[in-house]
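I opened my notebook today to look up a few things in a structure. Come along and check each entry against the picture.

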Amino acid sequence: MDARPQIGQIVKVLRGKEEESYAIIIGIIDEKFVWIADGDKRRFDSPKKKNVLHLELQSAISQEVTNSLQETSRVTNAKLRYVIQKYAHAKGE
């Protein structure tokens, strides 16, 4: 697996208020920082800037989110929540 974060990739937050929760990378600032959102507490319009070292990159990358961001530069909060919920359910959490 590529160790670099990718748009649409699901991550597990390891540090901070949202610790142990899942989010999706919606933007990459540089090799050290990314923008994450979960569609619930962290909505698309106010993403969290997060150090990559404080995230556990998951192998799952949502094509729905990636395609939506490529086509319209936006993704709905409902889609973010749906993808995270589906992923957490598949992992049995």
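My entries below cover a pair of helices and then a few single residues.

**Entry 1: the model.** I noted before anything else that this is a predicted model.

**Entry 2: two helices.** I learned that two packed helices are described by the angle between their axes and the distance between the axes. So I looked up both values for helix α1, residues 63-72, and helix α2, residues 77-91. They pack at an angle of about 160°, and their axes are 10 Å apart. An angle over 145 degrees counts as roughly antiparallel, and therefore I wrote down α1 and α2 as roughly antiparallel to each other. I also looked up the handedness, and the crossing of α1 and α2 is left-handed.

**Entry 3: who makes the contact?** Which residues of α1 and α2 make the contact? From α1 I listed Glu 64, Val 65 and Ser 68. From α2 I listed Lys 79, Leu 80, Tyr 82, Val 83 and Lys 86. Sorted by class, the contact of α1 with α2 has four nonpolar residues, one polar residue and three charged ones.

**Entry 4: Ser 62.** I found Ser 62 in the loop between β5 (55-61) and α1. Is Ser 62 buried or exposed? Its relative accessibility is 9%, and buried means under 20%, so Ser 62 counts as buried. Next I followed the side chain of Ser 62, which reaches the backbone nitrogen of Val 65 at 3.2 Å. Then I left aside the neighbours within four places in sequence, and found Ser 62 in contact with Gly 8 and Val 83. I had already met Val 83 on the α2 side of the helix contact.

**Entry 5: Glu 71.** Glu 71 sits in helix α1. I read 67% relative accessibility for Glu 71, so this residue counts as exposed. I also looked up its separation from Gln 58: the two are 13 residues apart in sequence and 24 Å apart in space, C-alpha to C-alpha.

**Entry 6: positive phi.** Where is Ser 73 found? I located Ser 73 in the loop between α1 and α2. Ser 73 has a positive phi of about 65°, although it is not a glycine. At 56% relative accessibility, Ser 73 counts as exposed.

I then turned to Glu 20, in the loop between β1 (9-13) and β2 (22-28). Its phi is near 75°, a positive value in a residue other than glycine. Because its relative accessibility is 48%, Glu 20 counts as partly exposed.

How values were computed
Residues numbered from 1 in each chain as written. Predicted model: local features only at pLDDT ≥ 70, side-chain atom pairs only at ≥ 80, totals over all residues. Heavy atoms only, no water. Axes fitted to C-alpha atoms, helices over the stretch in contact; angles between N-to-C directions. Helix = DSSP H or I, 4+ residues; strand = E, 2+ residues; numbered from the N terminus. Parallel < 35°, antiparallel > 145°, perpendicular 65-115°, else oblique. Left-handed = near helix turned anticlockwise from the far one by under 90°. Contact = heavy atoms within 4.5 Å. Nonpolar A, V, L, I, M, F, W, Y, C, P; charged D, E, K, R; others polar. Buried < 20%, exposed > 50% of the residue type's maximum accessible area, 1.4 Å probe, protein only. Polar contact = N/O pair within 3.5 Å; in protein donor to acceptor, adjacent residues only side chain to side chain.
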